[in-house]
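Hi,

Here is the structure I promised to pass on. Have a look at it first, and my notes follow underneath.

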Amino acid sequence: MRLPGHDDGLESRCQAFLLHREERIAFSHLTAAELLGAPLPAHIREDARLHVSVPAGERAVQARSVAGHTLSAWNTISVRGLPLTTPEQTWLDLAVSLDRDALVALGDWLVSYRHPLTTPEALAEIVRSTPGRRGIMKARTALALIRTRSESPAETRLRLLIVDAGLPEPALNYLIHQRDGGFIARVDMAYPDRGVVLEYEGDGHRVQRDVWFRDIRRREQLEDLGWRVVRVTAADMQSPTALLSRLSRLLWTRRE
C-alpha cells in the first residue's frame, strides 16, 4: 500500500519498537493515520505516543511512550513492513478523539476518488458491525457526510459550513466546459442549476504568481459563460457569516 507523505521519523520509531516485541501487534489510532499520511488537526498530532493494538483477550501493551489498545476484530494491513490497523478501523478508532468535521475530513481523504484507501461502503460496514463502542454515534453522524470527491480538509470544512447553515449541498470538483465542449476548469464546488461556483483560495493562490494569473484568466472565462465565482479564504472560514449570507443571496436570486 502507498504511504503518501509518511513521517520517516515515526516509521523508524515503529520499526525499532517491533524489534523488541514477539506478540501480535498493529500500530493503530493516531500512529496508523500518520503512517498513512492522513490529514489530521495539529492539536491531535501533539500526542507523541505510539498507539499500538493487540487482539482482544490479550494484554494491552504497556511501555513507555506507548498507548496500548485492544482490537476486537483482528484485521490488519502491512505498510512498508509495518503492521497497521485497516483504514476503516483507524477511522473508527479516531472517532473518539476527533471532532465531527475532522472525522469527516479524514473519511473524505480515505475514500477520495484520486487515491482511495477504502470505500464508503467499508466505512459503513465497520460502523454497522461495532455498535455500542465509544465514538460510534459521532462516527454514524460523520459517515453520512463523507463524500468521495472532496480534495482537501479545507474543502470539507467549507462544505460542512454550507450544509450546517441549511443551504443546498454543492457539487464537488465540478467540471466546466466551453459551449463547444472545450475544457475550462475543475472548480472546487458548484451549483450548476444556479450558475454559482465556489473556489477555496489557499496561500498558493496568493503567493505564486503563475497560479494567481491562471486563476484570473479562469475566473474571466467562467464569468464570460455566466457563472458567478465566489472566492473563499481562511478568514471567511473563521468568520463565515458574510460568506454564507452572500451565498444564500446568490442562490436565491439565480434560481432557474
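**What I found**

Let me start with Glu220, which counts as partly exposed, at 47% relative accessibility. Glu220 sits in helix α9, the run of residues 209–224. If you want a feel for the distances here, pick out Val54 as well: the C-alpha atoms of Glu220 and Val54 are 56 Å apart, with their positions 166 residues apart along the chain. One caution before going further: this is a predicted model.

Now the chain as a whole. There are 256 residues, and 44% of them count as buried. Eleven helices and nine strands make up the secondary structure. Taken along the principal axes, the C-alpha atoms fill a box of roughly 65 × 40 × 35 Å. If you take the contacts between residues at least 6 apart in sequence, 60% of them join residues at least 24 apart.

On the outside, the chain exposes about 13300 Å², and 50% of that comes from carbon and sulfur atoms. As for charge, the chain has 35 positive and 33 negative charges, and the mean positions of the two sets lie 2 Å apart.

Next, the inside. In soluble globular proteins, nonpolar side chains tend to be buried together. Here the largest nonpolar core has 44 residues, and the members that touch the most others are Phe17, Phe27, Leu50, Val52, Leu84, Trp91 and Leu98. Helix α4, residues 100–110, gives the most to this core, with six residues. Another core lies apart from it, with 18 residues that include Ala154, Val196, Met237 and Leu250.

Val52 is a good place to zoom in. Leaving aside neighbours within four places in sequence, Val52 is in contact with residues including Phe17, Ile25 and Phe27, as well as Val61, Val66 and His69.

The last residue I'd point you to is Asp108, which belongs to helix α4. Is Asp108 buried or exposed? Asp108 has a relative accessible area of 1%, so it counts as buried, the cut-off being under 20%. Its side chain makes a polar contact with the side chain of Arg159, at 2.6 Å. Once neighbours within four places in sequence are set aside, the residues in contact with Asp108 are Leu145, Ile146, Arg147, Ser150, Thr156 and Arg159.

Over to you!

Conventions
Residues are numbered from 1 along each chain as its sequence is written. This is a predicted model: local features need pLDDT of at least 70, side-chain atom pairs count only at pLDDT 80 or more; totals for chains, interfaces and linings use all residues. Side-chain values use heavy atoms; hydrogens and water are left out. A nonpolar core is a set of buried Ala, Val, Leu, Ile, Met, Phe, Trp, Tyr and Cys residues joined through side-chain atoms within 4.5 Å. Buried means under 20% relative accessible area, exposed over 50%, partly exposed in between (1.4 Å probe, protein chains only). Helices (H or I, at least four residues) and strands (E, at least two) are DSSP runs, numbered from the N terminus. Contact means heavy atoms within 4.5 Å. A polar contact is a pair of N or O atoms within 3.5 Å; within protein, one must be able to donate a hydrogen and the other to accept it, and residues adjacent in sequence count only if both atoms are side-chain atoms. Accessible areas come from the Shrake-Rupley method with a 1.4 Å probe; for residues, only the protein chains shown count as cover. Lys and Arg count as positive and Asp and Glu as negative; His and the chain ends are not counted. The place of a charge is taken as NZ of Lys, CZ of Arg, CG of Asp or CD of Glu.
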